[in-house]
Amino acid sequence: MAPKQRTARKVSRNPELIRGIGKYSRSQMYHKRGLWAIKAKNGGVLPRHDPKPKPQAPAQKSPKFYPADDVKKPLVNKHKAKPTKLRASITPGTVLILLAGRFKGKRVVFLKQLPSGLLLVTGPFKINGVPLRRVNQSYVIGTSTKVDVSGVNVDKFDDKYFAKEAEKKKKKEEGEFFESEKEEKKVLPQEKKDDQKTVDSALIKAIESVPDLKSYIGARFSLKQGVKPHELVF
Amino acid sequence: MPFKRFVEIGRVALVNYGKEHGRLVVIVDVIDQNRALVDAPDMVRSQVNFKRLSLTDLKVDIKRVPRKKELIKAMEDADVKNKWEKSSWGRKLIVKKTRANLNDFDRFKLMLVKIKKAAVVRQELAKLKKAA
């Protein structure tokens, strides 16, 4: 209904013969682009639009302090880091072997990769004591054993969920230097315990459907005498 | 101790070194003192040093340098594949291969089975000791 019935504009009206050289000359392109028609419509000159009025910037006071030497401004850096590339062998439901940290050697179920690049992982807690946890991909071996995670919803977990709670700053008093205050034990909020339960209930059902898988996940991985890790197929 | 396995046209051999390691081939011709012309159903006919071959007990009835189709037919008539997989040498190779390709989970299950088997054996041994 609108008068504009133009199809999507091609990329360029000037086909490339060789990189840097188009088929048509400047005057031919002037004709092809129809600049003559635009000028004719506008009385012999190209149409000119007055610049939009800029909103008035607030009047800035002159600063009361100028630095003695010229201060160099750092260059603009708009680089945004992408999350680490996930190895092809690691897909949701893969059993991973943790290689470092408190839970080294534990076999654990992979849930998803968080926006920071870290892997979200769970024991499940009832089977081997590993809670919902973040783990770096470099400290993990991906096995080829997969668990069915279709019944688990992990949308609510992201990096903010695992952030440490900001502690209120205590003002230093002289007396406190010599007293060793017992720090209050950090209790896990009930919400996190419930999250663990909901995630694990679906997982445990899937795990128990496969024979021996539960004891497999409950056991730790270790190298035995004569075992060569570079020859092992995981 | 006379020799029992000879290099002859039709002798089935196992390549034990190089790119074709582990492949069963048939000696189709002898080139010179050191090399044989060798062929298999899924391989381009090529020369191989005798030092890279381990002779097997199996033999196929072919003429010198047969066509591929004739070679395949002769191998099927001699039933090379089945005989090889049933022979103790062939079975050992298959076991080695499966063991090398065991998953971490498979190794765990294997360990459980070994423990069970050892427990049964120990029980029986205890019974025998008690009887004696």
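**Figure 1. Strands β3(A) and β4(A), side by side.** In this predicted model, β3(A) and β4(A) pair in the antiparallel sense, with three bridges between them. Look for V95(A) here: its bridge partner in β4(A) is V109(A).

**Figure 2. The pairing of β3(A) with β7(A).** Strand β7 of chain A spans residues 140-146, and four bridges join it to β3(A). These two strands run antiparallel. A handy landmark for this view is T94(A), which stands opposite K146(A) in β7(A).

**Figure 3. β3(A) and its two covered faces.** Five of the five residues of β3(A) are buried, so the strand is mostly covered, buried being under 20% relative accessible area. On one side you will find T94(A), L96(A) and L98(A), and on the other V95(A) and I97(A), all of them buried. For chain A as a whole, 26% of the 234 residues count as buried.

**Figure 4. The largest nonpolar core.** This core holds 25 residues, and L111(A), L120(A), V147(A) and I217(A) have the most contacts inside it. Both chains take part: β4 (107-113), α5 (190-208) and α6 (213-218) of chain A, along with α4 (104-131) of chain B, each give two or more residues. The most comes from α5(A), which gives five residues.

**Figure 5. A second core, this time shown through chain B residues.** Separate from the core of the previous view, a second one has 14 residues. Among them are L37(B), V60(B), M75(B) and W84(B).

**Figure 6. The surroundings of I217(A).** Leaving aside residues up to four places away in sequence, I217(A) touches V95(A), R107(A), V109(A) and I207(A). The same residue also touches G123(A), P124(A), I127(A) and N128(A). You may recognise V95(A) and V109(A) as the bridge partners from the opening view.

**Figure 7. Where confidence in chain A is highest and lowest.** Strand β3 (residues 94-98) of chain A has the highest confidence in the chain, at 95. Helix α4 (residues 174-178) of chain A has the lowest, at a mean of 52. Where pLDDT is low, please do not read the predicted coordinates in detail. Over chain A, the mean pLDDT is 86, and 89% of the residues reach 70 or more.

**Figure 8. Chain A in overview, to place the close-ups.** Chain A has six helices and seven strands, which follow the order β-β-α-α-β-β-β-α-β-β-α-α-α from the N terminus. Its exposed area is about 20100 Å², of which carbon and sulfur atoms supply 55%. Among contacts between residues at least 6 apart in sequence, 60% join residues at least 24 apart.

Definitions and conventions
Residues numbered from 1 in each chain as written. Chains lettered and ligands numbered in written order. Predicted model: local features only at pLDDT ≥ 70, side-chain atom pairs only at ≥ 80, totals over all residues. Heavy atoms only, no water. Buried < 20%, exposed > 50% of the residue type's maximum accessible area, 1.4 Å probe, protein only. Contact = heavy atoms within 4.5 Å. Areas by Shrake-Rupley, 256 points an atom, 1.4 Å probe, with all protein chains shown as cover. pLDDT = per-residue confidence, 0-100. Core = buried A, V, L, I, M, F, W, Y, C linked by side-chain atoms within 4.5 Å. Pairing = 2+ DSSP bridges.
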